[in-house]
Amino acid sequence: MSATPTERRLTIADIAKSYREGRRIVAITAYDYPTARIVDAASIPLILVGDSLGMVMLGYDSTVRVSIDEMLHHTKAVVRGTKRAIVVGDMPFLSYGISTEESVANAGRFLHDAGAQAVKVEGGTRSARTIEAIVRNGIAVMAHIGLTPQAVSSLGGYKVQGRDRDSARRLLADALAVQEAGAFAVVIEAVPAPLAAAITARLSIPTIGIGAGAGCSGQIQVITDILGLTADHTPKHARQYAQVATVIGDALKAYAHDVEEGTFPGDAESFTMDEAILADALGLGALDQAASVAPVMAIPLDEDL
Ligand code: KIV
């Protein structure tokens, strides 16, 4: 999709401006072209192509299984579906952090190959040097602290983070470290609301909460959770604004019913043609009739066609 002359792609400067003006930042995940178009038309300014796609779109049991090629493939589709939103590509497990060179090169693929405007990197203090290197190479980074799903094996499960004194202090240190490293925003996931609010108050970049209360500078959600597209489980931090799985299921049942009953397709969904041409094509035209005592329903032989 190309932008019309009056439209332009938002930038991290627009996010910074919203933040300075005290406007809450709205963000959502998207993983494909048609959904990205809907999100863009809803004027949501920031789309994350999250590695959550591994679980909600690809059926993996964790985000750790997602490859960079899968992330790039979906990021490209979302970029093609948007003309206004900032598209942030989520760097998957071990695509960063092993070496600075590899981290920067992989981050660059999200911009160069997929057309994203920024990348997201999980980890606070532990990822600060990586973030700094990526930013130094001209790539905007959104950080992600608190519950970082790629580290689920070392965190011991999907648990709320920062509930005791030491881990709360570590989270504050993480937030300050990613800000210092140059991140333009930081996602805070699954952190008690008062702690996330206290961190937000101490930062000069926006915090984007998910399961981190209303005191963050903005909110992000996994789109399938808020649309009711995942039939089995809705996380505590998500509010369902629609039951899209039910809508789709009902539509499919109605379609199957109509096909089985022979009421789909009807005239409205079918194409017509001139009856004389059809008769001619079937060898039933006036000339065919005159030329022989051909039997009714004379379908032309292959060699006549
Ligand atoms: O992958 C993802 O969707 C995320 C959001 C939950 C922030 O990281």
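**View 1. The shell of residues around the ligand in this predicted model.** The shell around the ligand divides into 4 nonpolar, 4 polar and 4 charged residues. Its members, taken in sequence order, are T29, L48, G50, D51, S52 and D90, followed by K120, H144, V187, E189, I210 and V222.

**View 2. Polar side-chain atoms of D51, S52 and D90 beside oxygen atoms of the ligand.** For S52, a polar side-chain atom is placed 2.5 Å from an oxygen atom of the ligand, while for D51 the corresponding separation between a polar side-chain atom and a ligand oxygen is 3.0 Å. D90 likewise brings a polar side-chain atom to a ligand oxygen, here at a distance of 3.2 Å. On its own the ligand has 260 Å² of accessible area, and the protein covers 96% of this.

**View 3. The largest pocket, in which the ligand sits.** The volume of the largest pocket is about 1000 Å³, and its lining is made up of 35 residues, with L147, E189, D225, P235 and H237 lying nearest the centre. E189, named here among the residues nearest the pocket centre, is also one of the residues around the ligand. By class, the lining of the largest pocket divides into 15 nonpolar, 10 polar and 10 charged residues. At least two lining residues come from each of the helix α3 (53-56) and the strands β4 (118-122), β6 (185-189) and β8 (218-221).

**View 4. The cis peptide bond between F264 and P265.** Most peptide bonds are trans, and most residues other than glycine have a negative phi. The bond leading from F264 to P265 is instead cis, with an omega near -5 degrees. P265 belongs to the loop that runs between the helices α11 (244-261) and α12 (275-281).

**View 5. The backbone at S43, a residue with positive phi.** S43 is not a glycine, yet its phi is positive, with a value near 65 degrees. In the chain, S43 is located in the loop between the helix α2 (33-41) and the strand β2 (46-49).

Terms used:
Residues are numbered from 1 along each chain as its sequence is written. This is a predicted model: local features need pLDDT of at least 70, side-chain atom pairs count only at pLDDT 80 or more; totals for chains, interfaces and linings use all residues. Side-chain values use heavy atoms; hydrogens and water are left out. A residue is near a molecule or strand if one of its heavy atoms lies within 4 Å of it. A polar contact is a pair of N or O atoms within 3.5 Å; within protein, one must be able to donate a hydrogen and the other to accept it, and residues adjacent in sequence count only if both atoms are side-chain atoms. Accessible areas come from the Shrake-Rupley method with a 1.4 Å probe; for residues, only the protein chains shown count as cover. On a 1 Å grid over the protein atoms alone, a cavity is a set of points where a 1.4 Å probe fits but cannot get out, and a pocket is an open set with protein on both sides within 12 Å along at least five of seven lines; lining residues have an atom within 4 Å of a point. A molecule sits in a cavity or pocket if more than half of its atoms lie within 2 Å of its grid points. Ala, Val, Leu, Ile, Met, Phe, Trp, Tyr, Cys and Pro count as nonpolar, Asp, Glu, Lys and Arg as charged, and the others, Gly among them, as polar. Grid points are joined across faces, edges and corners, and a volume is the space filled by probe spheres set on the points. Helices (H or I, at least four residues) and strands (E, at least two) are DSSP runs, numbered from the N terminus.
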